[in-house]
Amino acid sequence: MEYAGNPKPTTAVAPADLLYGLKRRIPRSVWTWVRFPTSAEFRRPSAGGTRLLRKALVIGGLALLPTGILCAEGIETPNTPSWWAFRPISSPAVPSIRGIHPGNPVDAFLAARLAERGLTFSAQATPRERLRRLHFDLVGLPPTPEEVAAFERDPSPAAWVRQVDALLARPQYGERWARHWLDVVRFAQSNGYERDSEKLYAWRYRDYVVQALNRDLPYDRFVREQIAGDELAREETDEDARDADIIATGFLRLGVHDDEPDDKLQAEYDELDDVVSTCGATFLGLTVGCARCHDHKFDPIPQQDYYSLLAVFRPLRITGKADPPLDSPLLLPLASPDRISEWTNAQESRRRELEGRIAGAPSEDRKKALRQELDQLTKAAPPFEWALAARERTQDIPAVHVLARGNPRSPGAEVGPGFLHAVSGGPAEIPPAIPGTRITSGRRRAFADWIASPENPLTARVLVNRVWHHHFGRGLVRTTSDFGRVGALPSHPELLDWLAGEFIRSGWSLKSLHRLILTSAAWNQSSVATQETALAIDPSNELLWRQNLRRLDAESLWDSLLSISGQLNPESGGRGFFPVLSGEVLAGGSRPGTDWQVSPADQLARRSLYTYIRRTSMVPLLETFDYNNATSPLSERPVTTVAPQALMLLNDAFVQEQAAALARRVADELPDAPEEVQLRRIWALATGRPPNAGDLGRLQESRQRQTALWSGLTERITFRPDVPDTLSVPYFQSLPPSRFLVGPDTGWQSFKGCWPREYEGNRALEAGRGPFALWTGAVVTNGVLELDLVPQSACTQAGILLRAQPPTGDTGETGYELMVEPREHRAVLRQLTPTKTIDVAVAPGVGLTNGHLAVRIELQDDRISVRFHDQPEPGLSARMAPGTPASGSVGIRAWGAAVSLDRLRWTDPKGTTPLWPVRQADWARQKSLESVCLLVMNLNEVLYVD
């Protein structure tokens, strides 16, 4: 170990000497508030000496270097690997504490540690808090007010066990916990890189995980299926089980994939490294990938061990087209070998038949027809379902060498498949294949058996710790994917080992593990820090003297809003839905809209688990709330608190839609109820409890303010563009015009604008001819159009179309347009033709007053005149070109950001016609109810677990 600037690799440093050497070099300002362990504590791991010394090392700014590492017995060198995580799982006795009789072994271990510091558990959380916490932990959805009320009437231990079992039996359990697993295995449905094309059938792996968790597939089998399911499938007689085994190997294909690499060999090794690193992090909790270029700097993983692991996966076929022919390197048919043989034999028989008929055809015309039939037969896709899955070379497996600095063109010594020596590994023992029974090398099967063995000290520990992390907000080992020397030490090593052993003894049952933790007093504690002594001794709650306060993760937030609003669609499985991406998000892609689709409204209300996950186009709401990176294994999500989260919850279209849906739900449930009853129902749906007097008073006050605000907006309409200026052709064609320019639901017809240029599969907008909407109420001839224009700050163009004719085919709209450019402080009157625009008159210095621009446009025969604000004389005037139609529509164009129009009205000899939708008498109160719902959805009580 190197410490205090003095290299001293040894295993014989006395604890007192070590402490003295550290303490004398750490500033007094630090060690006055960092308690160093005594020599006795240092010798006894259970007393926390090692942990205290590690804390001192971190705070003192000293580093543990690869020449040695601190362990409970003293100093450990790489040549004597006895790191706690590599030792066999112990069988500690459950502590028995005088005066404490916990009915759950989890509580016994935790209470014993608390007792050492004179501490005890906190009081239980309230029944509502416990049930809400349980629902979010197990199914990721809030309980209904009725479920909360029922449990509050009977919060007995027996009722609690029934609640746990009922939620574990729900199909939503698998959906919730699948998301945790998908984080670790870097799940996404696209390949990454610039094109970021779809990773075909990746969704089947997601569905496999959901189903495996719901049926409580033993974890050791779960591991084996993902690593070597294609080998296990040959032993299955049940067709569904065989398909599941094949689909499970999609785990090996989920990483970033370069479908057109500049260096194919380098890309192949990069993908193999992704598989090795992901297996190490996911199953073993080790940063194995750090040994790709050199021996691991901290853990006893030499470079040779890394390449022995890589040799396990070297037979995998990595490159090639992902189309589903029978020889695809990335896809496997979900069909039995007999069905595949039957189909291929039939195809071959038909091919020979056609070739014979061609040879004997009496004429060239007949030969031509038969050749076309043969060509169709050759191109015919096999009639099977497909899965993204592992597929190996059948022969000529490339040799694996230790690569200097990880460079595949600098090979060193050749190595065979093997496992980590530090974890009781060694060369892989692969049984010889029986001729005709194996289509794989058998390497992954041997590796899977080593990982999933009860003798492997890491596998059960890592999984148990992951489950603990999601139930308590952090693991017994905080670094859930790094049990190595740079990772955190376990806060309760005896409990971790006891849980790991119990997990194995239970048959690797995840549901049994959940049940054990969730019925403990520790998990049921309140998260409120009321114990001042405990707060002073253990402010970070390392000893778990209370539950940890946790905020909802991104998916639970999304799903909760859908559940509260009553819009949640429980449909499960399948490819998933494509969430609505705003123009700003689409513009961030190299080819905006490529491979994106428009999903129907009912699909948009499905759980967030089923969002189509594209690596370069994340949903902003989810990403803002710390969504998975979908590129590398993510063991613990960061929990940030930043201003965009508050802005997103108030302004995101999805959140606003759910607020409006909640208002409709309550109005439909309680149509004739007094305001107070409706507000109570809104609060109860969102929080699971009735509002108190203060809550109700604030809701009523907010609604009064919002009603007054909305009453002043009854004559306002708003138009918002929601596309970038370039879109892929398929997405352009599938996107309805109403998504190009979002406006009123009635009275206006939207158009996409003029997009004449097409390049490399993209359509490009003609500047100044963006999406617009035409009023459907009537055509206009002579008269006056008046309005107050209110553009948002980012609005670059706001146009008023006059006597406009809609476009025909690929040509543009015709007529005249007043184009206001707020940022340029000018207005332009221009003529619109099918192919171009002609500036007729320009008015500089046209600006906003208090954010408004009053506009009055007069149309008289062939004359147009425009006044701004209270100008006595026109600021713009022009004569229309000969041949201009004497009548047409009024229209609105917006670009850059939304533009609102107040009191847009048309006056002619028949009278004045308002061009805004007719509002119902209680419209302002309805909108204010939506605003109140939006406010409630922003409550901390909604955003936090308890």
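Reader: Let's start with H27. How many residues does H27 have, and what span does it reach from its first C-alpha to its last?

Author: There are 17 residues in H27, and the helix reaches 24 Å between its first and last C-alpha, close to the 24 Å expected at 1.5 Å a residue. Keep in mind that this is a predicted model.

Reader: How do I read the buried side of a helix?

Author: Start from the general idea: an α-helix has 3.6 residues a turn, so residues three or four places apart point the same way. Then take the case here. The buried residues of H27 are Phe654, Val655, Gln658, Ala659, Ala660, Ala661, Leu662, Ala663 and Val666.

Reader: What covers the buried residues of H27?

Author: The cover includes several helices: H22 (554–565), H25 (620–624), H26, H28 (675–687) and H32 (923–937).

Reader: Let's take H26 from that list. How do I describe the way two helices pack?

Author: In general, two packed helices are described by the angle between their axes and the distance between the axes. For H26 (residues 643–651) and H27 (residues 653–669), the angle is about 45° and the axes lie 5 Å apart. That makes H26 oblique to H27.

Reader: Which residues of H26 and H27 meet?

Author: On the H26 side you'll find Met648, Leu649, Leu650 and Asn651, and they meet Ala653, Val655 and Gln656 of H27. Sorted by class, the contact of H26 with H27 has five nonpolar residues, two polar ones and no charged ones. Notice that Val655 is also on the list of buried residues in H27.

Reader: What about H25? Is Thr624 buried or exposed?

Author: Thr624, which is found in helix H25, has a relative accessible area of 16%, so this residue is buried. Leaving aside residues up to four places away in sequence, Thr624 touches Thr640, Pro644, Gln645 and Met648. Met648 turns up again here, having already appeared in the contact of H26 with H27.

Reader: Now the strands. How do I read a sheet?

Author: Generally, strands of a sheet pair through backbone hydrogen bonds, either parallel or antiparallel. One case here is an open sheet of seven strands, in the order S12-S15-S24-S17-S18-S19-S20, with antiparallel pairing.

Reader: Which strands stand at the edges?

Author: Those are S12 (748–751) and S20 (837–844); each has a single partner strand, so one side of each is left without a neighbour in the sheet. From one strand to the next, the twist averages 20°.

Reader: How many bridges join S19 to S20?

Author: Seven, with S19 (residues 826–832) and S20 running antiparallel. To pick out one pair, Ala827 has Ala843 in S20 as its bridge partner.

Reader: Can we compare that with a three-stranded case?

Author: Sure. Another open sheet has three strands in the order S10-S14-S13, again with antiparallel pairing. Its edge strands are S10 (726–728) and S13 (757–759), each pairing on one side only. Here the twist averages 30° from one strand to the next. S10 and S14 (residues 762–764) pair over three bridges in the antiparallel sense, and Thr726 has Ala764 in S14 as its bridge partner.

Reader: Last one: how many residues of S16 are buried?

Author: Eight of nine, so to speak of S16 (residues 783–791) as mostly covered is fair. S16 pairs antiparallel with S21 (residues 853–860) over seven bridges, and Glu786 stands opposite Arg856 in S21. S16 also pairs antiparallel with S25 (residues 899–908), over seven bridges, and there Leu789 has Leu901 in S25 as its bridge partner.

Methods
Residues are numbered from 1 along each chain as its sequence is written. This is a predicted model: local features need pLDDT of at least 70, side-chain atom pairs count only at pLDDT 80 or more; totals for chains, interfaces and linings use all residues. Side-chain values use heavy atoms; hydrogens and water are left out. Axes are lines fitted to C-alpha atoms, for helices over the stretch in contact, and angles run from 0 to 180 degrees between N-to-C directions. Helices (H or I, at least four residues) and strands (E, at least two) are DSSP runs, numbered from the N terminus. Angles under 35 degrees count as roughly parallel, over 145 as roughly antiparallel, 65 to 115 as roughly perpendicular and the rest as oblique. Contact means heavy atoms within 4.5 Å. Ala, Val, Leu, Ile, Met, Phe, Trp, Tyr, Cys and Pro count as nonpolar, Asp, Glu, Lys and Arg as charged, and the others, Gly among them, as polar. Two strands pair if DSSP finds at least two bridges between them. The expected span of a helix is 1.5 Å times one less than its number of residues. Buried means under 20% relative accessible area, exposed over 50%, partly exposed in between (1.4 Å probe, protein chains only).
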